[in-house]
Structure formats: structure tokens, C-alpha cells
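Take a look at the chain below. This report goes through its parts one by one.

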Amino acid sequence: MSALTRHVRFAQPKDEEGHAVAQQVGPAGRMQIGRALFTLRDRAGLTQTQVAAAAGVSVGTVNRYEGWQDRSKLRVPTVRAIADACGATAEERDSLTRLVSSQEDGWWLDHPALPDILSPLVSFEAYAAYEHVWANRLVPGLLQTPAYALALHRAAQPRTDEETIRATVDARMRRQKILTERSPRLHLWVVLAESVLTDVVGDGGVMRDQLDHLTTMAETPAVDLQILPRGRGHVAGSGGHFVLLGRDDEATPSASMTVVYVELHRRGLYLDAPGDVSEYKMMMDYLRSAAADTETSRDLLARARQEYT
């Protein structure tokens with residue numbers, strides 16, 4: 001069983017014409033399908049126009065099936081036709097069919113308290129082997145305490161009712177279980193600006209508990225935490241908060257995944273073009289190089305913690 005199929009359940013839903021469709025193939029699954037189709041086409045030396053003509057579909061359909069951000073349903077016959085047009089082996093075609101016939105079984109699907117923009121992020125986290133984060137304003141969501149998250153949402157959404165805010169915080173806490181319950185666990189590497197430790201969210205008690213939690217999590221095998229001290233200057237090109245998620249599979253390159261999530265005001269941007277990903281990987285390398293090592297970072301955490309006693 002592949003790494004991806006451990007997170008899905010197999011089904012054969014049908015559309016009104018009796019064609020098999022995948023109703024909830026999530027972003028991680030769609031990315032794997034898209035990359036597999038692109039690899040098949042590239043291997044065959046064909047253009048999307050040539051594949052479309054051979055498969056009896058439009059060029060737009062081929063382009064959409066090679067991507068992952070479109071949410072429209074995938075049809076098994078279409079995937080088979082595109083794969084066959086690219087000269088796929090029976091094993092390759094059957095593997096794709098199983099993927100496109102799968103329904104992602106994640107708690108985040110249609111979760112009422114999870115913003116639409118974060119649903120792809122959570123799906124990628126369920127499939128990724130590692131997550132690297134640059135956090136220059138706030139403690140990243142995977143490491144927030146409930147009180148810290150609650151204070152953040154109350155400040156950012158003063159007109160939202162308390163029940164809705166608490167549901168959103170509960171969803172964030174559920175998301176954090178990726179660090180403790182999944183096997184193998186996601187490895188999280190965070191570079192945190194030192195200013196985040198002193199910019200008060202909530203009150204002193206909230207910050208004290210949050211820093212204690214960061215210290216505890218930094219001592220677990222699943223988390224590496226580095227602090228970027230003040231006075232080290234601007235790290236070239238680091239910009240704002242971003243998340244880089246990936247899985248490397250040398251044996252099956254199409255199963256590999258790298259995607260960047262850039263957090264913007266009230267929305268986010270997902271990037272997976274090789275050039276974009278390469279730039280953010282370089283930024284993360286610069287940040288890790290400029291930041292204090294993990295042992296010194298724990299000392300910086302302890303020093304900041306003393307300010308809240």
C-alpha cells in the first residue's frame with residue numbers, strides 16, 4: 001500500500017451517466033495524480049494537444065487533470081483515456097485508477113470551522129513527511145496553545161460570536177494531532193522570529209503557557225525549533241510567514257511532493273512550480289543559517305519566559 005493510499009478509502013461512486021468519479025480526492029491526491037499524468041506525457045514526448053486528441057477530450061481537460069487546484073470531480077474513464085493516450089502500462093493505468101477512485105477520508109473535509117484556504121494545507125500535512133515554517137509574526141498554528149489561539153481569534157475577529165471562535169480553535173487543536181498521532185509522524189522545523197516571544201498575545205499568563213509549550217515541543221523528536229534573534233538584520237528575501245511541505249520519494253518520483261503555502265491577510269497562496277519552490281527552499285536555508293542553533297534557541301526561550309513570571 002502506498003503512502004498516499006493509507007490516508008484514503010477506496011470507493012466507486014457514480015455520476016448521473018454511470019461514470020465512476022472521485023467525489024473528494026483531496027489536494028495531495030490530486031497532486032499525485034496530476035504529476036503521474038504529466039510524467040507519462042513527458043515520457044511519451046507528447047503535447048497536451050496531442051494527448052487530448054488521442055484521448056477524445058479537450059486540451060483544457062488534460063491541463064486540469066495535470067493540475068491539483070481545480071476542485072471539479074475527476075472521472076475514472078477520463079484518467080484511463082489520458083493514461084492510455086500517453087502509453088501507460090496496465091499497472092500504471094490501474095494505479096492511477098485506484099487513486100482517482102479513492103475518497104479522501106480526512107477530518108478536515110467540509111469541516112465547518114476550518115477556513116477553505118486551509119483545507120489544502122491540512123490535506124498536504126496528512127501526506128507530507130516534513131514541514132518547514134518561517135514565522136515572523138505569530139507562533140505557527142501547529143504549536144499554539146488553546147489559550148493563545150483563542151486570544152488571537154478574539155483579537156482578529158471582534159465581531160464573531162464566541163461559539164464560532166471556539167469551534168475554529170478546536171479545529172486548530174485537532175490539526176495539531178498530526179505531530180503526535182500519525183505514524184510516521186510529520187517532522188516540523190520552525191524558524192521563529194525572537195519578536196514573537198515578546199509580542200504579547202492575550203496576557204502574561206497566556207504567553208507564559210505558550211512559551212512553556214514551545215519549550216516542551218522543542219524537546220520532542222518531531223520538532224526542531226530555532227529562534228532568529230533580534231539584531232541579526234533582515235534575512236534577504238525572507239518576507240512574511242510561509243510553510244514549505246514536502247515528501248521525497250526517489251523510488252517513485254511521481255509520489256514526491258513539495259508545495260509552499262504563503263500566508264497573506266485573510267487569504268493564502270499555494271505555490272508548487274519548481275522555480276517558486278526552489279526559491280522558498282533557499283530562503284529557508286538562509287533563515288536556518290542565520291537563526292540560533294537549537295540549544296541556544298532553548299536558552300532564548302527560557303530568557304523570554306522569565307519576563308512573564
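## A buried pair

Glu125 and Arg175 are both buried. This comes from a predicted model. The two residues form a salt bridge. Their closest N and O atoms are 2.8 Å apart.

The pair ties together distant parts of the chain. Glu125 sits in helix 6, residues 119-127. Arg175 belongs to helix 8, residues 162-175. The two are 50 residues apart.

## Other salt bridges

How many salt bridges does a search of the whole structure find? The count is nine. One of them joins Arg305 to Asp212, with the closest N and O atoms 2.7 Å apart. This pair also links distant parts of the chain. Arg305 is in helix 12 (residues 294-306), Asp212 is in helix 10 (residues 204-218), and their positions lie 93 residues apart in the numbering. Arg305 has a relative accessibility of 21%, so it counts as partly exposed. Asp212 is partly exposed too, at 31%.

Salt bridges with shared partners connect Arg154, Glu162 and Arg166 into one network. Within it, Arg166 forms a salt bridge with Glu162. Here the closest N and O atoms are 3.2 Å apart. Both residues lie in helix 8. They are four residues apart, about one turn of the helix.

Are these two residues buried, partly exposed or exposed? Arg166 has a relative accessible area of 42%, so it is partly exposed. Glu162 has 32%, so it is partly exposed as well.

## The six-stranded sheet

Now for the strands. Six of them make an open sheet with mixed pairing. Their order is 7-6-5-8-9-10. Which strands are at the edges? They are strand 7 (223-228) and strand 10 (267-271), and each pairs on one side only. On average, neighbouring strands of this sheet are turned by 15° against each other, direction ignored.

Strand 5 (residues 130-135) and strand 8 (residues 242-247) run antiparallel. Five bridges join them. In one of these strands, strand 8, Phe242 is the bridge partner of Trp134.

## The whole chain

Step back to the full chain. It has 12 helices and 10 strands. Of its 309 residues, 48% count as buried. The chain exposes about 15200 Å². Carbon and sulfur atoms supply 49% of that area.

Contacts also reach along the sequence. Take those between residues at least 6 apart: 74% of them join residues at least 24 apart.

Methods:
Residues numbered from 1 in each chain as written. Predicted model: local features only at pLDDT ≥ 70, side-chain atom pairs only at ≥ 80, totals over all residues. Heavy atoms only, no water. Buried < 20%, exposed > 50% of the residue type's maximum accessible area, 1.4 Å probe, protein only. Contact = heavy atoms within 4.5 Å. Areas by Shrake-Rupley, 256 points an atom, 1.4 Å probe, with all protein chains shown as cover. Pairing = 2+ DSSP bridges. Axes fitted to C-alpha atoms, helices over the stretch in contact; angles between N-to-C directions. Salt bridge = Lys/Arg side-chain N within 4 Å of Asp/Glu carboxyl O.
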